[in-house]
Amino acid sequence: LLGTAFDLVARNAEDLGRPEAGAAAVRRLAEAIGPAGIIGGQHQDLALFGGSTTLDNLESIYACKAGELFLAAVRVPAVLTALPDDEALALEKYAANLGLALQITDDLLDAAAEDGDQGKTTFATHLGVGGAHAKAAELVDAAIDALAVFADRAGPLRRMAETLRARTA
């Protein structure tokens, strides 16, 4: 699938008549996937079993995981379409907040499951279940607030954030 992702980015650059943007977009995708991104975050996350970490370090790990994936999902199109800086920054804030909210929500769902991530340090470990729910809600609110620059054009992104807020499975 990774090969297909890179191929699609390159093809989209060509289809949009911006082949020169293809290299920058591919680089953004590679950064998101690589050791400083998803792969590195997943490696660090696996090390959390049986160990502990600070809340700041946990947030950093989660930012590398879903955060980088969500950021790539907005950065690549922003590069390919030459999105104005204010709109690209708004999408990055949206994606970073939503990615972290997703990871916290996953932790909460795992904790509620009988076969959850027992022995793993999570936001619920640090903040308690109620505190982790509150943090996830705060992040969803921040993600939605980041979309203000788009006015009504960001309806689907707002709905996606609200879907995460209501997620129970």
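How many salt bridges does the structure hold? The structure, which is a predicted model, holds 10 salt bridges. Three of these pairs offer a way into the arrangement of the helices, and the discussion then turns to the nonpolar cores, the pockets and some individual residues.

The pair formed by Arg18 and Glu20 has its closest N and O atoms 3.5 Å apart. Glu20 is exposed, because its relative accessible area of 55% is over the 50% cut-off. Arg18, at 24%, is partly exposed. In a second pair, Lys65 and Asp45 form a salt bridge in which the closest N and O atoms are 2.7 Å apart. Lys65 belongs to helix α4 (residues 55-81) and Asp45 to helix α3 (residues 38-46), so this salt bridge ties together parts that are 20 residues apart in sequence. Both Lys65 and Asp45 are buried. The pair also belongs to a wider arrangement, since a network of salt bridges links Asp45, Lys65 and Lys120.

A third salt bridge joins the side chains of Asp106 and Arg167, with an N to O distance of 2.5 Å. Asp106 is located in helix α5 and Arg167 in the segment after α7 (155-165), so the parts tied together by this pair are 61 residues apart in sequence. Which degree of exposure do the two partners have, beginning with Asp106? Asp106 has a relative accessible area of 24% and is partly exposed. Arg167 likewise counts as partly exposed, at 31% relative accessibility.

The nonpolar interior comes next. In soluble globular proteins, nonpolar side chains tend to be buried together. In this model, the largest nonpolar core has 29 residues, and Tyr94, Ile104 and Phe123 are those with the most contacts inside it. Helices α4, α5, α6 and α7 are the elements that give two or more residues to this core. The surroundings of Ile104 can be described residue by residue: when residues up to four places away in sequence are not counted, Ile104 touches Phe123, Ala132, Lys135, Ala136 and Leu139. A second, separate core has 11 residues, including Ala13, Ala25, Val79 and Leu80.

Helix α7 can be followed in a similar way. Gly155, Ala161 and Leu164 are buried in α7. Against which elements do the buried residues of α7 pack? Their packing partners are α5 and α6.

Helix α5 also contains Gln103. Gln103 is buried, because its relative accessible area of 9% is under the 20% cut-off. Leaving aside residues up to four places away in sequence, Gln103 touches Tyr62, Lys65 and Ala66. One of these contacts, Lys65, is the residue that forms the salt bridge with Asp45.

The pockets give another view of how the elements come together. The largest pocket has a volume of about 250 Å³ and a lining of 18 residues, of which Leu29, Leu69, Phe70, Ala72 and Ala73 lie nearest its centre. Helices α1 (2-15), α2 (19-33), α3, α4, α5 and α7 each supply at least two residues of this lining. The largest share, 6 residues, comes from α4. What is the composition of the lining of the largest pocket by class? It has 18 nonpolar, no polar and no charged residues.

The second largest pocket has a volume of about 210 Å³. It is lined by 14 residues, with Thr105, Leu108, His133, Arg165 and Arg167 the closest to its centre. Arg167 thus appears both in this lining and in the salt bridge with Asp106. At least two lining residues are supplied by each of α5, α6 and α7. By class, the lining of the second largest pocket divides into 9 nonpolar, 3 polar and 2 charged residues.

A final position to locate is Ala113, which is placed in the loop between α5 (85-112) and α6 (123-146). Ala113 is partly exposed, because its relative accessible area of 31% falls between the 20% and 50% cut-offs. Ala113 and Ser52 are 61 residues apart along the chain, and their C-alpha atoms are separated by 21 Å.

Technical notes. Residues numbered from 1 in each chain as written. Predicted model: local features only at pLDDT ≥ 70, side-chain atom pairs only at ≥ 80, totals over all residues. Heavy atoms only, no water. Helix = DSSP H or I, 4+ residues; strand = E, 2+ residues; numbered from the N terminus. Buried < 20%, exposed > 50% of the residue type's maximum accessible area, 1.4 Å probe, protein only. Salt bridge = Lys/Arg side-chain N within 4 Å of Asp/Glu carboxyl O. Contact = heavy atoms within 4.5 Å. Core = buried A, V, L, I, M, F, W, Y, C linked by side-chain atoms within 4.5 Å. 1 Å grid on protein atoms, 1.4 Å probe; cavity = no way out; pocket = protein on both sides within 12 Å on 5 of 7 lines; lining within 4 Å. Points joined across faces, edges and corners; volume = space filled by probe spheres on them. Nonpolar A, V, L, I, M, F, W, Y, C, P; charged D, E, K, R; others polar.
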